[in-house]
Amino acid sequence: MMFVFNGVIFLAGAAILAVGIWVAVDRVSLLGFLEHIEDAPPELAQLANIGYLLIGVGAFLTLVGFLGCCGAVKESKCMLLSFFTVVLIIFLVEVAAGVVLFVFEPLVRSDAPYQNKSTYTHNKNGLKCCGYNNYTDFMDSPFVSTTSSYPVTCCTSSSGPCNEFAAKSVVGCFQALVNLIEDNAVLLAGVALGIAALEIAAMVVSMILYKNVGK
């Protein structure tokens, strides 16, 4: 079980690492490849912007999978203990992040209207939102001053100019992101609990193997 579980992690890490290297070396060919995938979500194109992050995540997962697989097959106490330590650190970081998010969530909400908006540009994600707070973030921007209209993402309809009246009906990206998280809270909680259960199971199995090595 330990070998199969970590074998999947190793293969997934290797795949992510390969994609990350591909993106870092030749992002143009990746974008061209994605364009030829039928019904591919446009969000996949964002992979071209996170090449080094993918390399880091892929390398880390590959290392964890390697330690788990080799530790189980070789019955190496050193590898099993290293695997247990790494998974425990990940688990503790996830718990700490969840606690911080829960504690500081009201503060983030109250501070949202005062965030710096000077660098906000066109929104190209799938949230269907406008600016950080709403369309007013663009009021003093060169774009609005020059064109007397707002970015097209600030309007629900692409026909006609995007004026202030039309932009008022679109929420800000911060609120849109909060709504997205709240709408999928049950799913996110289920995924988080599933990951936590897998991590706990991996730590338990690695410790059982660690205790039984040499017996």
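Q: By class, what does the lining of the second largest pocket have: how many nonpolar, polar and charged residues?
A: A lining is read by sorting its residues into classes. In this predicted model, the lining of the second largest pocket has 13 nonpolar residues and two charged ones, with no polar residues by class. The pocket has a volume of about 290 Å³.

Q: Which residues lie nearest the centre of the second largest pocket, and which elements give two or more residues to its lining?
A: One can go from single residues to the elements that carry them. Of the 15 residues that line the second largest pocket, F5, I9, L61, I90 and E199 lie nearest its centre. Two or more lining residues come from each of the helices α1 (2–25), α3 (51–74), α4 (77–111) and α8 (185–212).

Q: How many helices and strands are there in the protein chain, and what share of its residues is buried?
A: The order of elements and the share of buried residues can be read side by side. The protein chain has eight helices and zero strands, so that, from the N terminus on, its elements run α-α-α-α-α-α-α-α by the DSSP runs used to assign them. Of the 215 residues in the protein chain, 27% are buried.

Q: Which residues form the nonpolar patch on the surface, and which element gives the most to it?
A: Here the reading turns from the pocket to the surface. The nonpolar patch is formed by F3, V4, V8 and V73, which together have about 390 Å² of accessible area, and α1 gives the most to this patch, with three residues.

Q: Why does F3 count as partly exposed?
A: The class follows from the relative accessible area, where partly exposed lies between the cut-offs of 20% and 50%. F3, which lies in helix α1, has a relative accessibility of 46% and therefore counts as partly exposed.

Q: Where is M1 found, and how far apart are M1 and A202 in sequence and in space?
A: Separation along the chain and distance in space are two readings of one pair. M1 is found in the segment before α1, and M1 and A202 are 201 residues apart in sequence while their C-alpha atoms are 9.4 Å apart in space. M1 is exposed because its relative accessible area is 74%, the cut-off being over 50%.

Q: What is phi of E75 near, and where is E75 found?
A: Backbone angles are read together with the place of the residue in the chain. Phi of E75 is near 55°, a positive value in a residue other than glycine, and E75 is found in the loop between α3 and α4. With a relative accessibility of 51%, E75 counts as exposed.

How values were computed
Residues numbered from 1 in each chain as written. Predicted model: local features only at pLDDT ≥ 70, side-chain atom pairs only at ≥ 80, totals over all residues. Heavy atoms only, no water. 1 Å grid on protein atoms, 1.4 Å probe; cavity = no way out; pocket = protein on both sides within 12 Å on 5 of 7 lines; lining within 4 Å. Points joined across faces, edges and corners; volume = space filled by probe spheres on them. Helix = DSSP H or I, 4+ residues; strand = E, 2+ residues; numbered from the N terminus. Nonpolar A, V, L, I, M, F, W, Y, C, P; charged D, E, K, R; others polar. Patch = residues over 30% accessible without salt bridge, like charges linked within 9 Å, V, L, I, M, F, W, Y side chains within 5 Å. Areas by Shrake-Rupley, 256 points an atom, 1.4 Å probe, with all protein chains shown as cover. Salt bridge = Lys/Arg side-chain N within 4 Å of Asp/Glu carboxyl O. Buried < 20%, exposed > 50% of the residue type's maximum accessible area, 1.4 Å probe, protein only.
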